[in-house]
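The following questions and answers examine a single protein model. Please consult the sequence and the structure as each answer is read.

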Amino acid sequence: ALVVTDTDDDDGSSDDCGGTPTNVVCTGSTTPGDGLQALFYVTCGNDEKYVGSDRYHFAPEPQDDGNGSVIIRSYVCDGKELSVRPTWKLLGFFVEGACDDLKEGMGYDADFCKDGVAVDVRDEL
């Protein structure tokens, strides 16, 4: 299972990572499964971050092409210069809404307590 943690210590479910308290925010899987949605970490530039199932969160509104298809410009960050491109990380598969506390402004740090007990997204087997 994947476990997403933060560094708050307000719910009493903390692990210790080199003296930094961490809390389990949500638990998911490394593989797709029934009732599980992909959870992405999406950024646009250095200042916009999103964690959730909407991989097009920062894309401009979809446009109708006039032939019954919809054009999604996933490679564009809405309101940014064209040189600014979004980046995506697939964090795993989670029950829809289980990680809603992470949606806006949260970051992903692959090196958070890498050699300790907890990381932002870690495997627990």
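**Disulfide, sheet and salt bridges**

The torsion about the S-S bond of Cys 44 and Cys 77 is about -85°, so the disulfide is left-handed. This is a predicted model, in which local features need pLDDT of at least 70 and side-chain atom pairs count only at pLDDT 80 or more, while totals for chains, interfaces and linings use all residues. Residues are numbered from 1 along each chain as its sequence is written, and side-chain values use heavy atoms, with hydrogens and water left out.

Q: How far apart are the sulfur atoms of Cys 44 and Cys 77?
A: A disulfide is a pair of cysteine sulfur atoms within 2.5 Å, and the count by this rule is 1 disulfide. Cys 44 and Cys 77 form a disulfide, and the distance between their sulfur atoms is 2.0 Å.

Q: Which parts of the chain does the pair Cys 44 and Cys 77 link?
A: Helices (H or I, at least four residues) and strands (E, at least two) are DSSP runs, numbered from the N terminus. The two cysteines are 33 residues apart and link distant parts of the chain: Cys 44 in strand E4, and Cys 77 in the loop between E7 and E8.

Q: Does Cys 44 count as buried or exposed?
A: Buried means under 20% relative accessible area, exposed over 50%, and partly exposed in between (1.4 Å probe, protein chains only). Its disulfide partner Cys 77, at 1% relative accessibility, counts as buried. Cys 44 has 0% relative accessibility and therefore counts as buried.

Q: In what order do the 3 strands form the open sheet?
A: Two strands pair if DSSP finds at least two bridges between them. The pairing in this open sheet is antiparallel. Its edge strands, each pairing on one side only, are E5 (48-52) and E8 (86-95). The order of the 3 strands is E5-E4-E8.

Q: How many bridges pair strand E4 with E8?
A: Ala 38 has Phe 93 in E8 as its bridge partner, and Cys 44 stands opposite Pro 86 in E8. Strand E4 covers residues 36-44, and its antiparallel pairing with E8 extends over 9 bridges.

Q: How many bridges join E4 to E5?
A: In E5, Val 51 is the bridge partner of Tyr 41, and Gly 52 is that of Phe 40. E4 and E5 form a hairpin with 3 residues between them, and Gly 45 in the turn has a positive phi of about 70°. The two strands run antiparallel, and the number of bridges joining them is 5.

Q: How many of the 9 residues of E4 are buried?
A: The strand is largely enclosed by the rest of the structure. Cys 44, at 0% relative accessibility, counts as buried. Of the 9 residues of E4, the number buried is 7.

Q: Which residue meets Asp 47 in a salt bridge?
A: A salt bridge is a side-chain nitrogen of Lys or Arg within 4 Å of a carboxyl oxygen of Asp or Glu. The side chain of Asp 47 meets its partner at 3.0 Å, N to O. Asp 47 lies in the loop between E4 and E5 and its partner Lys 80 in the loop between E7 and E8, so the pair ties together parts that are 33 residues apart in sequence. The residue that meets Asp 47 is Lys 80.

Q: Which residues are linked in a network of salt bridges?
A: The count comes to 2 salt bridges. Besides the pair of Asp 47 and Lys 80, the side chains of Glu 48 and Lys 80 meet at 3.3 Å, N to O. That second pair links distant parts of the chain, with Glu 48 in strand E5 and Lys 80 in the loop between E7 and E8, 32 residues apart. The residues linked in the network are Asp 47, Glu 48 and Lys 80.

Q: What is the relative accessible area of Lys 80?
A: Asp 47 is exposed, at 56%. Glu 48 is partly exposed, at 25%. Lys 80 is partly exposed, with a relative accessible area of 25%.
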